[in-house]
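Open the structure in your viewer and keep the selection tool at hand. The tour goes stop by stop.

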Amino acid sequence: MIHRHSGLVFAEHTLAVPLIHGDPDGPRIEIFAREVREADPAAEGRPFLLFLQGGPGHRAPRELPVWLRRAARDYRVVLLDQRGTGRSTPLTRQTLAGIGDPAAHLARFRADAIVADAELLRRHLTGDRPWSVLGQSFGGFCAVTYLSFAPEGLREVVITGGLPGLTATADDVYRAAYPRVLAQNERYFARYPEDEAIARRVVDALREQDARLPGGDRLTPHRFQTLGIGLGSAARFDRLHHLLEEAFAGPELSEVFLRRVDAVISFAEDPLYAVLHEAIYGQGAATGWAAQRVRAEFGAFDLDRDSPVRFTGEMIYPWHFTEDPALAPLAGAADRIAGKADWPALYDPARLAANEVPVAAAIYHDDMYVDRDMSLATAAAIGNLRPWITNEYAHDGLGREERVLDRLLTMVRE
């Protein structure tokens, strides 16, 4: 299927791939990708650029992000719905209902499988010519896995806010993340000091009132606390304030507030994000609900005290799978995944050290989601990588200004 609008051509591609790449004759799933190129006929001869979306568990963008037009000037851009998302045999509580062992099934949807899917798609689209890759956030993690296990398929790689700790455990990741989240809280409340009293009032109200979200599930104090997930994004930093300023209708929480909260905290659209969030750090050991365990070391997030409320960030907790109706059917599978200890390695440090594929990576100095120090160590460990360390942008810098991608493309070509 081909569509044309906004001066661009959109072509749809689907491809059947093995569920288990080590078993090519076994069950198959379908992956979907949308190719975007300029309407100029000359664009049909341009090289391909694969975009790997952040997440895990998020589909490729459907809108026209600012970076896409810049990329389309040089490439035919491939927006891949990573397996289990969007139109790539999506995984939801509905589609998983008929699967006998959902935990074993879900374990097949990490970065290593995404890269293997990408390699099959590359051969399908290019006739086995190498292509370029742009990885944002978790997409950058996938790009490093790509460099580890299939560098022959890569012409060049650009990474934005997505250099993982090559040997970091889930505990390491969250022990470094909680202080960064607290720092973003302080920045937020310095901008909106009146919101401290509102946040405390909301928590107190939720203890006294049976506040129900549009789907009928209850809004609890710790679910409210997860609204901090957007504090690391420049595009969403101020939305929390605009939500809180309409929190009450008299003594009760307002219907407008409850509807808007539900849109932020529900995992109905991306349950795979919640199920696999810690698993993306699993290499040879169980993650064991690391975010919950490590949180005990940071008393500032304790809501049982009368201290100021501090919002959490990109953390998933066991109670998500009892309180969110979209996740409740996956509770057993999520617990089994948290206990899975035989995760294969996602990165090959020796191969990365010998890397010859040109790589440019933006490291956001104040990134709330991806640790700066781990990213710097990984940048130093990957051969032929040029880092750009900047405090001009938050984690979503790629989507803020065209010049972010423009600068990185210049770097990778040098």
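**Stop 1: Thr89**

Start in the loop between β5 (76-81) and α2 (102-106), where Thr89 is found. Keep in mind that this is a predicted model. Select Thr89 and check its backbone: phi is positive, about 35 degrees, although Thr89 is not a glycine. Most residues other than glycine have a negative phi. Is Thr89 buried or partly exposed? With a relative accessible area of 32%, Thr89 is partly exposed, because buried means under 20% and exposed means over 50%.

**Stop 2: Ser137**

Now go to the loop between β6 (131-136) and α4 and select Ser137. Here too is a residue that is not a glycine with a positive phi, about 55 degrees. Ser137 has 11% relative accessibility, so it counts as buried.

**Stop 3: a cis peptide bond**

Move to the loop between β4 (48-52) and α1 (66-72), where Pro56 lies. Select Gly55 together with Pro56. The peptide bond that joins them is cis, with omega about 10 degrees. Most peptide bonds are trans.

**Stop 4: Asp371**

Select Asp371 in the loop between β10 (359-364) and α15 (372-381). Asp371 is buried, at a relative accessible area of 14%. Which residues does Asp371 touch, leaving aside those up to four places away in sequence? They are Ala176 and Arg180. Add Arg180 to the selection: its side chain and that of Asp371 are joined by a polar contact of 2.9 Å.

**Stop 5: the second largest pocket**

Turn on a surface and select Ala107, Arg108, Asp112, Ala113 and Pro344. Of the 18 residues that line the second largest pocket, these lie nearest its centre. The pocket has a volume of about 300 Å³. Two elements give two or more residues to its lining: α3 (111-126) and α4 (138-149). Colour α3 to see the element that gives the most, with four residues. By class, the lining has ten nonpolar, five charged and three polar residues.

**Stop 6: the largest cavity**

Next, look for enclosed space. How many cavities of 30 Å³ or more does a search of the whole structure find? It finds six. The largest cavity holds about 140 Å³ of space. To find it, select Phe141, Gly165, Val173, Tyr281 and Met374, the closest to its centre among the 15 residues of the lining. Colour that lining by class: eleven residues are nonpolar, two are polar and two are charged.

**Stop 7: the nonpolar cores**

Finish with the cores. In soluble globular proteins, nonpolar side chains tend to be buried together. The largest nonpolar core in this model has 115 residues. Select Trp131, Phe224 and Phe257, which have the most contacts inside this core. Then show helix α5 (residues 170-191), which gives the most to the core, with nine residues.

Stay on Phe224 and show what surrounds it. Not counting residues up to four places away in sequence, Phe224 touches Ala199, Val202, Val203, Leu206, Leu219, Leu244, Phe257 and Phe311. Phe257 is thus both a contact of Phe224 and one of the residues with the most contacts inside the core.

For the last view, select Phe51, Val77, Ala362 and Val404. They are among the 27 residues of a second, separate core.

How values were computed: Residues are numbered from 1 along each chain as its sequence is written. This is a predicted model: local features need pLDDT of at least 70, side-chain atom pairs count only at pLDDT 80 or more; totals for chains, interfaces and linings use all residues. Side-chain values use heavy atoms; hydrogens and water are left out. On a 1 Å grid over the protein atoms alone, a cavity is a set of points where a 1.4 Å probe fits but cannot get out, and a pocket is an open set with protein on both sides within 12 Å along at least five of seven lines; lining residues have an atom within 4 Å of a point. Grid points are joined across faces, edges and corners, and a volume is the space filled by probe spheres set on the points. Ala, Val, Leu, Ile, Met, Phe, Trp, Tyr, Cys and Pro count as nonpolar, Asp, Glu, Lys and Arg as charged, and the others, Gly among them, as polar. Buried means under 20% relative accessible area, exposed over 50%, partly exposed in between (1.4 Å probe, protein chains only). A polar contact is a pair of N or O atoms within 3.5 Å; within protein, one must be able to donate a hydrogen and the other to accept it, and residues adjacent in sequence count only if both atoms are side-chain atoms. Contact means heavy atoms within 4.5 Å. A nonpolar core is a set of buried Ala, Val, Leu, Ile, Met, Phe, Trp, Tyr and Cys residues joined through side-chain atoms within 4.5 Å.
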